[in-house]
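Colleague: Could you take me through one part of this model up close? I'd like to see how a strand sits with its partner, and then what the backbone does in the loops.

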Amino acid sequence: MGIFDKLKDVTNLVTGGSARVTLEYEPQVAYPGEDIEVRVVVTSTGGQVKSKGIFVDIKSSERLEVPRHTVTGQESPVNTTYTGFSQELQIAPAFVLEANETREFSGHVRLPSDAQPTFQGRYVRHQWSLRGRMEALGNDPDSGFLELRVASNG
């Protein structure tokens with residue numbers, strides 16, 4: 001292993017580039033209290049990766065964006081985000097991903113029974129999202145957050 005290979009390994013450790021992670025889930029529209037089936041696929045991008053497990057993160061967030069001058073005397077726009085729910089669930093234990101190996105992990109996450117539905121208003125947006133993640137030394141490789149639509153039970 002040359003110096004450039006060692007530098008690449010250090011870079012992958014810091015950036016999470018040691019593996020590629022994808023997430024698939026069903027159903028695409030879920031209801032409060034319902035289970036969501038998840039599948040996380042991880043692929044080594046070169047070297048061996050020692051993982052502390054596979055996790056699925058679920059969160060809901062509300063974003064408020066009020067343009068300036070919407071209210072009399074309001075000189076600046078108002079932008080804020082509130083995280084209403086956040087949970088990480090481990091769906092697989094620690095393992096070693098060999099060089100260039102691909103592995104799949106399946107599990108499920110349950111939406112809270114009082115989950116607020118997804119909505120888009122004039123100034124407010126409430127959304128749910130899921131992310132698949134492989135916990136490893138350094139920055140955890142992940143799928144990025146994918147939007148999940150949550151419908152109302154009533």
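Modeller: Sure, let's start with E1, which pairs with strand E3 (residues 35-44) in the antiparallel sense over eight bridges. Keep in mind that this is a predicted model. To pick out one contact between these two strands, look at Tyr-25: its bridge partner in E3 is Val-38. Tyr-25 also belongs to a neat pattern, since the side chains along E1 alternate. Ala-19, Val-21, Leu-23 and Tyr-25 point to one face and are buried. Arg-20, Thr-22, Glu-24 and Glu-26 point to the other face, and they are not buried.

Now follow the chain to the end of E1. The peptide bond from Glu-26 to Pro-27 is cis, with omega near 0°. Pro-27 itself is in the loop between strand E1 (19-26) and strand E2 (29-30).

While we're on loops, have a look at two other spots. His-69 is in the loop between strand E4 (49-66) and strand E5 (78-92). Its phi is near 65°, a positive value in a residue other than glycine. Is the His-69 side of things buried or exposed? His-69 counts as partly exposed, because its relative accessibility is 46%, and partly exposed covers the range between 20% and 50%.

The other spot is Asn-100, in the loop between strand E6 (95-97) and strand E7 (102-110). Asn-100 isn't a glycine either, yet it has a positive phi of about 60°. With a relative accessible area of 57%, Asn-100 is exposed, because exposed means over 50%.

Key. Residues numbered from 1 in each chain as written. Predicted model: local features only at pLDDT ≥ 70, side-chain atom pairs only at ≥ 80, totals over all residues. Heavy atoms only, no water. Helix = DSSP H or I, 4+ residues; strand = E, 2+ residues; numbered from the N terminus. Buried < 20%, exposed > 50% of the residue type's maximum accessible area, 1.4 Å probe, protein only. Pairing = 2+ DSSP bridges.
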